[in-house]
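Me: I should like a close look at one part of the structure shown below. Please give a connected account of it and its surroundings.

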Amino acid sequence: RLQKMSELTKKITKLIIGEDAELYNNHISLVVHYAVLLANIENEDEEAIELGSLLHDIGRIRHGGEKHNLTGEKDAREILKKHNYDLVKTEQICNAIISHGGEEEFPIKDKFGEVIRAADGLAHLDVVPFLLAHNLKKKNGDLGDAIKKLIKKLEFEWNNKITLKSARKIGKAKHDSAILVLKSNLDVIKD
């Protein structure tokens with residue numbers, strides 16, 4: 001895959017890995033994988049989609065999770081401007097970053113944004129055990145609460161982020177299986 005990347009994409013990949021290799025390895029690389037796959041299915045600009053997916057969490061990396069879509073949009077715009085990237089594509093990427101969380105207050109403006117948002121959701125389906133462990137820490141070891149929080153997150157993502165027909169086809173089995181396993185574990189804990 002690296003040899004197919006543009007020089008700018010290689011630079012941005014190195015930048016992201018240099019700033020947060022763990023997030024790149026556990027999440028962003030998966031988002032890139034799904035985004036490029038969906039870009040080809042949906043006939044979107046592969047390089048721009050790849051750059052957008054690489055930069056979608058730059059705000060989280062640099063400023064923390066709260067409102068990372070807004071801080072990330074500003075950082076991505078600066079990075080792309082520094083590299084003299086196409087202004088129209090920069091605007092698409094920045095709009096996608098703002099709306100990648102699936103919140104109603106930040107609606108998707110085009111299919112380009114839908115691709116990045118859906119890829120972000122699909123990536124989460126690949127790391128369910130990691131997300132459960134993360135929630136377990138946040139819930140002070142309460143497995144039941146951690147599972148409930150994860151089910152809520154996965155359902156939100158399925159209903160608000162993974163909305164492209166092509167993405168739902170890719171993710172349906174993973175989503176349904178994850179929900180089934182989590183709910184059955186929740187039932188065991190209750191007994």
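What is the relative accessible area of aspartate 126?

Reply: The model is predicted, so local features need pLDDT of at least 70 and side-chain atom pairs count only at pLDDT 80 or more, whereas totals for chains, interfaces and linings use all residues. Residues are numbered from 1 along each chain as its sequence is written, and side-chain values use heavy atoms, with hydrogens and water left out.

Aspartate 126 has a relative accessible area of 30% and is therefore partly exposed; buried means under 20%, exposed over 50%, and partly exposed in between (1.4 Å probe, protein chains only). Its partner in a salt bridge is lysine 174, with the closest N and O atoms 2.6 Å apart; such a bridge places a side-chain nitrogen of Lys or Arg within 4 Å of a carboxyl oxygen of Asp or Glu. The pair links distant parts of the chain, 48 residues apart: aspartate 126 is in the loop between H7 and helix H8 (128–138), and lysine 174 is in helix H10 (residues 165–190). Helices here are DSSP runs (H or I, at least four residues), numbered from the N terminus. Lysine 174 is also partly exposed, because its relative accessible area is 34%.

Helix H7 itself comprises 15 residues (111–125). Its expected span, taken as 1.5 Å times one less than its number of residues, is 21 Å, and the end C-alpha atoms are indeed 21 Å apart. Because 13 of its 15 residues are buried, H7 is largely enclosed by the rest of the structure.

Glycine 113 and cysteine 94 are 19 residues apart in sequence, with their C-alpha atoms 9.1 Å apart in space. Cysteine 94 belongs to helix H6 (residues 87–99), and its relative accessibility of 0% is why it counts as buried.

Charged contacts recur elsewhere, with 13 salt bridges in the whole structure. In one of them, glutamate 157 meets lysine 161, the closest N and O atoms being 3.6 Å apart. Shared partners join these two residues with Asp120 and Lys153 in one network of salt bridges. Glutamate 157 is buried at 4% relative accessible area, and lysine 161 is buried at 3%.

A further salt bridge connects glutamate 19 and arginine 62, whose closest N and O atoms are 2.7 Å apart. Glutamate 19 lies in helix H1 (residues 7–19) and arginine 62 in helix H4 (residues 58–63), so the bridge ties together parts 43 residues apart in sequence. Glutamate 19 is partly exposed at 34%, and arginine 62 is partly exposed with a relative accessible area of 34%.

Notes
Helix = DSSP H or I, 4+ residues; strand = E, 2+ residues; numbered from the N terminus.
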